[in-house]
Amino acid sequence: MTLNFGRPQLSIPGPSVIPDRVLAAMHRPSPNIYEGELVDMTTTLYPDLKTVAQTKGKATIYISNGHGAWEAAICNSFSKGDKVLVLVTGNFGLGWATMARELGIEIELLDFGLRRAADPQQVLDRLKRDKFHEIKAVMTVQTDTATSAQNGIAALRSAIDDAQHPARFMVDCIASLGCDRHEMDNWGVDVMVAACQKGLMTPPGLGFLFFNEKAAEAQKTADLVTPYWDWHLRSKPDRYYQLFGGTPPVHLLYGLREALNMLVHEEGIQAAWARHERFARALWAAVEAWGEQAMTLNIAAPDQRSHAVTLIRTNGPQATPLRQWCAQKAGLTLGISLGIADPGSVEFDSMFRVGHMGHLNVPMMMGTIGTIDAGLKALGIPHGSGACDAAAQVISEHNF
Ligand SMILES: *Cc1c(COP(=O)(O)O)cnc(C)c1O
């Protein structure tokens, strides 16, 4: 007998579940790419992307994954030898910093470890000591997908302002956009990086950059700007093909159009943030019910946790067998830990991640929680009872 017969459930932190409507929207013959419907449809994407980012600044779309958008952000912002301060709360902040260093940027890391968000006070102290304003920018992630720490972007901006420092503020929202509240303009973010395959529910292949006037001004003298990554023509094209530096990503654009219909025009971005918070809290309640004998949340402080992904530490190397049971016996794919421990090590086998981003409703979230619960029982892993009950309680709260 098998119980793994039915629709598989993917609970990894990206690429996330693609809605059938998005897949269906992509299923079409190639259109004319020089005029007509595709050109008209493409122009409708930008206002909606700006709504998702909560900005009146510029939005650009690249044919790339998140790493491409990282490189685009760096190339449009700096000259070789510029200095940046990178706030690290896990593998992703570090990855962006490493890329900047390889491109010739002098990076200074403020590392906050793996179990908490960046501390604005430390940022303030460091910037105050930079009397000659050698630091050109502060770079960080909103959500570090490896640790599931969420940084307080507004508080970090306040730290820069309180230090009366002119550094630009650059934020990677690849995991958080469309899931966690983000208010680019209100929070004073100058450059924001995103991609389509997480909260935006579209197959991988589109990277996004959002930038304001201050960033556009700095770009004019940045000597790392290259023809492909240059955001100038992409945000102000003379011709359609300049939007993408060549052939447009036709089918991904149709997929994105449908995803934005769902996220911006049907659900609404505020409602999407609230939904993600509710699902995250349901999972946290379940983990607390399973108890420390079974597992703990990597990030202790609730206000420092992502609403899109959760890193869980099991009490011993049970995470890998649990993941395998869920995948093979039940049809649920959970996320591995990333960039924290070597695959095969005890530490690696003691962590797993749950992605809860994008196209997600109650049976999907409760299915993930219930399947983990069944896996713990099947494998004889000691755990507290009532996890599904605790999650259902959170889900059922009345304020929606
Ligand atoms: C997924 C992710 C990336 C990398 O995106 P790719 O599309 O895999 O290149 C970068 N930063 C964060 C925060 C992410 O979640």
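In the predicted model, Tyr62, Tyr228 and Trp229 come together as one aromatic cluster. Across the structure, 5 aromatic pairs are found. A pair of aromatic rings is described by the distance of the centres and the angle of the planes. For Trp70 and Trp96, the ring centres are 6.4 Å apart and the planes lie at 15°. Because planes under 30 degrees apart count as stacked, the pair formed by Trp70 and Trp96 is assigned to that class. Trp70 belongs to helix α3 (residues 66-75) and Trp96 to helix α4 (residues 91-102), so the pair ties together parts that are 26 residues apart in sequence. Both partners are withdrawn from the surface: Trp70 is buried, with a relative accessible area of 4%, and Trp96 is buried as well, with a relative accessible area of 1%.

A further aromatic pair, made up of Tyr240 and Phe244, has an edge-to-face arrangement. Here the distance is 6.0 Å centre to centre, with 70° between the planes. Tyr240 has a relative accessibility of 13% and therefore counts as buried, since the term applies to values under 20%. Phe244 is likewise buried, its relative accessible area being 1%.

Helix packing was examined for α5 (residues 120-129) and α6 (residues 153-162), whose axes are 8 Å apart and meet at an angle of about 25°. Angles under 35 degrees count as roughly parallel, and α5 and α6 are therefore described as roughly parallel to each other. Their crossing is right-handed. On the α5 side, the contact is made by Pro120, Val123, Leu124 and Leu127; on the α6 side, the residues met are Ala155, Leu156, Ala159, Ile160 and Asp162. By character, the residues of this contact between α5 and α6 comprise 8 nonpolar, no polar and 1 charged.

Ser306 is placed in the loop between β11 (295-297) and β12 (309-314). Despite this loop position, Ser306 has a relative accessibility of 0% and so counts as buried. With neighbours within four places in sequence left aside, the contacts of Ser306 are Thr143, Ser148, Gln150, Asp180, Ala280, Trp284 and His356. Ser306 can also be related to Asn151: the two residues are separated by 155 residues in sequence, while their C-alpha to C-alpha distance in space is 8.5 Å.

Conventions:
Residues numbered from 1 in each chain as written. Predicted model: local features only at pLDDT ≥ 70, side-chain atom pairs only at ≥ 80, totals over all residues. Heavy atoms only, no water. Axes fitted to C-alpha atoms, helices over the stretch in contact; angles between N-to-C directions. Helix = DSSP H or I, 4+ residues; strand = E, 2+ residues; numbered from the N terminus. Parallel < 35°, antiparallel > 145°, perpendicular 65-115°, else oblique. Left-handed = near helix turned anticlockwise from the far one by under 90°. Contact = heavy atoms within 4.5 Å. Nonpolar A, V, L, I, M, F, W, Y, C, P; charged D, E, K, R; others polar. Phe/Tyr/Trp six-rings, centres within 6.5 Å; stacked < 30°, edge-to-face > 60°. Buried < 20%, exposed > 50% of the residue type's maximum accessible area, 1.4 Å probe, protein only.
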